[in-house]
Amino acid sequence: MLILNPEQRNVYIGGTSILLFGQWLTSLEFVIDGAGMISGIYRRLRGDKSFAIPALGKYQVLVSSEKQIRELGQSSEEVRSFHAAMEQRIKHKYTLSGFEHNDVDPNNDVPRRVLKVLLRMNLPTVQRGLEPLIRDSLAQGLTGKDADGWSRTSGFTLYKHLIARINNHVLLGSELASNPRFEDAVNRYLQDAVVTMELYHHLPSILVPLVAPAMMRWSGAMHFIADSLSAEIEKRVIENQKASHNASSRYDCIQWVMEASKTPAQRTVLRTTQRMFGILFASAHQMSMARVYAMFDLCLHLEYIEHLRKEIEQARSLSDTEDHFNNLPLLDSFLRESARINALDALTIQRLALSPYTFADGTHVPAGNLVAVPQAAVLNPAPRSAQRIF
Ligand code: HEM
């Protein structure tokens, strides 16, 4: 699956070597410092040219011009597939409790309706319930004050736990979320899944079906969560059938996934459980990283705190019928700029070419290769010390 004649194909080949051992080294180097490696090549090429990094048996082709980004974002799932790229990267079957993107929900209607409609519609109600949880989590994370009243903590750990608790409540409901054993299992599961998905890339493919399930089984966290989720979903199905419980009084994603699932295959307890794993995994990492970077940026720019606080107070004083989230232009700009400077992933719009594809500018991608936008390099081409923000 090599890209032949890279010069003719308008693609610069980066990385150690195109020979198999060189590809293995490059692929390992990518795990250790993928973002640094991509930024280095992007800077060397001054962002003018598409480039490719060899991985085992394939290439990651990185495109960055505005036209290419539009072309990639608008391409159909049948030609350049998001789900096939994620399947290669995450191996859902092992890391998401057997979840598979298939004809049960070919267009992703269930998560789309849950996240883009039902969650957004219910945000004001959900948000009110979260305030005590956020206060409590911050108080728990900031114990052991010194003589001047300061607590010492790792920002990342604080936010990882805070976001995990918020996500558990919003996604899985307060009953499961307030069980400490369940909370520990979710934290452990998210760690197991990331380690497994990174490691399996470096295993011979014949070993993956043996090693990946064993790694996910080792701590028991994924199986404990699957059992707890299935029991909760079964309980709700029975309640709904008996109509003994007013289902609409529940404000969580399990409820909305059950509502949004229309076909018998979408509505099984197993599929609902696996769908919840998908949403849980997708929501976990980016949110805590984005929040911790925003907090660091606030610490670097204390002058913005007062302005942001005023704006938030004004928005909170609006009546319940007004949209609080659409009235925060300063906060919105602050978070966007913080996300630009601290890109959360080296790559975005990751797609797997299912058939050969040539971009309008001549960049050619043979079938089987990954295509993506090197967002960290594009958003932030200068080293951090050379930047001025805001
Ligand atoms: C700072 C926060 C977040 C960032 C930066 C982020 C970023 C992304 C990106 C870049 C993608 C891939 C999109 C593509 O290539 O077309 C994605 C997909 C996805 N995200 Fe997020 N995300 C965030 C938060 C969340 C949260 C909170 C949830 C769930 C509650 C979520 C659920 C999903 C799902 C389900 C997908 C897959 C969509 C599909 O299957 O079509 N994300 N996210």
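This note sets out, point by point, the features of a predicted model that merit a colleague's attention.

1. Ligand shell. The ligand is surrounded by 13 residues, and the closest are His-83, Asn-108, Ala-282, Ser-283 and Arg-351. By class, the residues of this shell comprise seven nonpolar, five polar and one charged.

2. Elements around the ligand. At least two residues of the shell come from each of α3 (82–90), α14 (269–300) and β5 (348–353). Helix α14 gives the largest share, with five residues.

3. Position relative to the domains. Both domain 1 (12–98 + 342–379) and domain 2 (109–145 + 152–283) contribute residues to the shell, and the ligand therefore lies between them. The reader may wish to view the site with these two domains coloured separately.

4. Polar contacts of the ligand. Three side chains each place an N or O atom at a short listed distance from a ligand oxygen atom. For Asn-108 the distance is 2.6 Å. For Arg-351 the separation is 3.0 Å, and for His-83 the corresponding value is 3.3 Å.

5. Backbone of strand β5. Ile-349 is located in strand β5, one of the elements that supply at least two residues of the ligand shell. Its phi is near 45°, which is a positive value in a residue other than glycine. With a relative accessibility of 22%, Ile-349 counts as partly exposed.

6. Backbone at Ser-97. A positive phi in a residue other than glycine also occurs at Ser-97, where the angle is near 50°. This residue belongs to the loop between α4 (92–95) and α5 (109–121). Both this angle and that of Ile-349 can be inspected directly in the model.

7. Helix α7. This helix covers residues 155–172, 18 residues in total, and spans 25 Å from its first C-alpha to its last, close to the 26 Å expected at 1.5 Å a residue. Its buried residues include Leu-158, Tyr-159, Leu-162, Ile-163 and Ile-166. Also buried in α7 are Arg-165, Asn-167 and Asn-168, together with Val-170, Leu-171 and Leu-172 among others. Just after the helix, Gly-173 adopts a positive phi of about 90°.

8. Ile-279 and Leu-171. Which helix holds Ile-279? The residue is placed in α14, and its relative accessibility of 5% means that Ile-279 counts as buried. Its C-alpha lies 7.9 Å from that of Leu-171, although the two residues are 108 residues apart in sequence. Leu-171 is itself buried, in α7.

9. Thr-263 and Asp-105. Thr-263 sits in the loop between α12 (253–260) and α13 (264–267). Its relative accessibility is 32%, so Thr-263 counts as partly exposed. The C-alpha atoms of Thr-263 and Asp-105 are 9.0 Å apart, while 158 residues separate the pair along the chain.

10. Cysteines. How many disulfides does a search of the whole structure find? The search returns zero. Two cysteines may be noted for their surroundings. Cys-253 has 0% relative accessibility and so counts as buried, whereas Cys-299, at 52%, counts as exposed.

11. Summary of the site. The ligand lies between domain 1 and domain 2 because both give residues to its shell. Asn-108, at 2.6 Å from a ligand oxygen atom, and Arg-351, at 3.0 Å, are among the residues closest to the ligand. In the same region of discussion, strand β5 carries the positive phi of Ile-349.

Terms used. Residues are numbered from 1 along each chain as its sequence is written. This is a predicted model: local features need pLDDT of at least 70, side-chain atom pairs count only at pLDDT 80 or more; totals for chains, interfaces and linings use all residues. Side-chain values use heavy atoms; hydrogens and water are left out. Helices (H or I, at least four residues) and strands (E, at least two) are DSSP runs, numbered from the N terminus. The expected span of a helix is 1.5 Å times one less than its number of residues. Buried means under 20% relative accessible area, exposed over 50%, partly exposed in between (1.4 Å probe, protein chains only). A disulfide is a pair of cysteine sulfur atoms within 2.5 Å. A residue is near a molecule or strand if one of its heavy atoms lies within 4 Å of it. A polar contact is a pair of N or O atoms within 3.5 Å; within protein, one must be able to donate a hydrogen and the other to accept it, and residues adjacent in sequence count only if both atoms are side-chain atoms. Ala, Val, Leu, Ile, Met, Phe, Trp, Tyr, Cys and Pro count as nonpolar, Asp, Glu, Lys and Arg as charged, and the others, Gly among them, as polar. Domain bounds come from an automatic or database domain assignment.
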